[in-house]
Amino acid sequence: MIAVYKRELRSYLTSMIGYLFIFFILLLTGIYFSAYQLGAAYPRFEYTLSALTFVFLISVPILTMRVLAEERKQKTDQLLLTAPVSVEKIVFGKYLALVTIFAIPMLIMCVYPLLMTKFGTVSLGAAYTAILGFFLLGCANLAIGVFISSLTESQVIAAVLTFVILFAFYMMNGISSFFSEGALSTCVTFGLLILAAAIIIYTMIKNFLISAVICVVGEIALVIVYVVNSSFFSGGIQKILDIFNLSSHFDNFANAIFDVKGVLYFVSVIAVCLFLTVQSIAKRRWN
């Protein structure tokens, strides 16, 4: 794993991608810091970080698009897959290199609150709590980008898909507002999702009987739950979509609250995405 980590880290530091990622984040941070803290004399650095959450929509796809897609396109992934190291270590080594690159601008950001103390009273605890939340948010976005990169051999497709998914997560509050919170409409939506899941299963296993049984059992269970307790479905879509709202879990950190649930949420997103990445690569290895 250490060899993979060093190889990836060296590739970022000997090319322009790593430096462009660091420059882009620090450039936007400097612009917002100059506007809010230096220009308007606003004492809360966490306000700047809240305005910067959109930066991952552009920087993460650029940084992660090549991490696995390029290996697959150039067939160098065969060398990794036949190396005496597990897939888990390969993925974790690559991801750790990305986190290290991201940690460089984060360490520089830690200096900004100290600079602010020279001009007035600043809550360092609140500022560094927000920095921690921002770092975890970035790590979660990077994990999503790594997973998307493992699904294709085209860097362009990986970058576009990563941007689209992160943008959807970023706009999740607006997306959830399009759905009704009524129990009946929520139940119908879940029924359509079960049908879609059955179709996906059929395309994967090519077994109509199993897919049909899954669909019928799921729909019957859905109807039974609705008849017994229809209020269970009220606001169900919004609750599910909130799971994918990454930025909302950063809000508590931005409000100077050390949110343990938020930490667990970001760690869970990272773990799930890395697990799915490992499964994607392992499936290709055995094929």
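**Stop 1: Phe266**

Start by selecting Phe266 and showing everything around it. Skipping the neighbours within four places in sequence, Phe266 is in contact with Gly133, Leu136, Leu137, Ala140, Leu246, His249, Phe250 and Phe253. The residue itself belongs to helix α16. Is Phe266 buried or exposed? Its relative accessibility is 0%, so Phe266 counts as buried. Keep in mind as you look around that this is a predicted model.

Now add Ala140 to your selection and draw a distance between the two C-alpha atoms. Phe266 and Ala140 are 126 residues apart along the chain, yet their C-alpha atoms are separated by 5.8 Å.

**Stop 2: helix α9**

Select residues 124–149, which make up helix α9. How many residues of α9 are buried? The count is 20 of its 26 residues, and the helix is described as mostly covered. You can check its length too: at 1.5 Å a residue, α9 should span 38 Å, and the end C-alpha atoms are 37 Å apart, which agrees.

**Stop 3: Ser247**

Move on to Ser247, in the loop between α14 (236–243) and α15. With a relative accessible area of 17%, it falls under the 20% cut-off, so Ser247 is buried. Which residues does Ser247 touch, leaving aside its neighbours within four places in sequence? Show Thr53, Leu137 and Tyr170, and you have its contacts. Leu137 may ring a bell: Phe266 is in contact with Leu137 as well.

**Stop 4: Ala256**

Follow the chain onward to Ala256, which sits in the loop between α15 (251–254) and α16 (260–286). Take a look at the backbone here. Most residues other than glycine have a negative phi. Ala256 is not a glycine, but its phi is positive, at about 65°. As for its surroundings, Ala256 is partly exposed, with a relative accessible area of 38%.

**Stop 5: helix α4**

Next, select residues 55–64 to bring up helix α4. Eight of its ten residues are buried, so α4 is largely enclosed by the rest of the structure. To see the buried ones, colour these residues of α4:

- Val55, Phe56 and Leu57
- Ser59, Val60 and Pro61
- Leu63 and Thr64

What do the buried residues of α4 pack against? Turn on α1 (2–13), α2 (16–39), α7 (87–109), α9 and α10 (155–170), and you have the partners. One of them, α9, is the helix from Stop 2, with 20 of its 26 residues buried.

**Stop 6: the beginning of the chain**

Jump to Met1, in the segment before α1. At 33% relative accessibility, Met1 counts as partly exposed. Leaving out neighbours within four places in sequence, Met1 is in contact with Val85, Lys89, Phe92 and Gly93. Try a distance to Ser86 as well: Met1 and Ser86 are 85 residues apart along the chain, with C-alpha atoms separated by 8.5 Å.

From there, step into helix α1 and pick Lys6. This residue is partly exposed, with a relative accessible area of 48%. The C-alpha atoms of Lys6 and Leu96 are 9.7 Å apart in space, and the two residues are 90 apart in sequence.

Stay in helix α1 and select Leu9. Is Leu9 buried or exposed? At 17% relative accessibility, Leu9 counts as buried. Again, put Leu96 on screen: Leu9 and Leu96 are 87 residues apart in sequence and 8.7 Å apart from C-alpha to C-alpha. Beyond its neighbours within four places in sequence, Leu9 is in contact with Ala97, Thr100 and Ile101.

**Stop 7: zoom out**

Finally, show the whole chain as a cartoon. You'll find 16 helices and zero strands. Along the principal axes, the C-alpha atoms fill a box of roughly 70 × 50 × 30 Å.

Colour by domain next: domain 1 covers 1–172 + 244–286, and domain 2 covers 183–234. Their C-alpha centres lie 35 Å apart.

Switch to a surface view. The accessible surface comes to about 15100 Å², and 73% of that belongs to carbon and sulfur atoms. Of the 287 residues in the chain, 43% are buried. If you colour by charge, there are 17 positive and 12 negative charges to find, and their mean positions are 9 Å apart.

One last thing to picture is how far contacts reach along the chain. Among contacts between residues at least 6 apart in sequence, 78% join residues at least 24 apart.

Conventions:
Residues numbered from 1 in each chain as written. Predicted model: local features only at pLDDT ≥ 70, side-chain atom pairs only at ≥ 80, totals over all residues. Heavy atoms only, no water. Helix = DSSP H or I, 4+ residues; strand = E, 2+ residues; numbered from the N terminus. Buried < 20%, exposed > 50% of the residue type's maximum accessible area, 1.4 Å probe, protein only. Contact = heavy atoms within 4.5 Å. Areas by Shrake-Rupley, 256 points an atom, 1.4 Å probe, with all protein chains shown as cover. Lys, Arg positive; Asp, Glu negative; His and termini not counted. Charge placed at Lys NZ, Arg CZ, Asp CG, Glu CD. Domains from an automatic or database assignment. Expected span 1.5 Å × (residues − 1).
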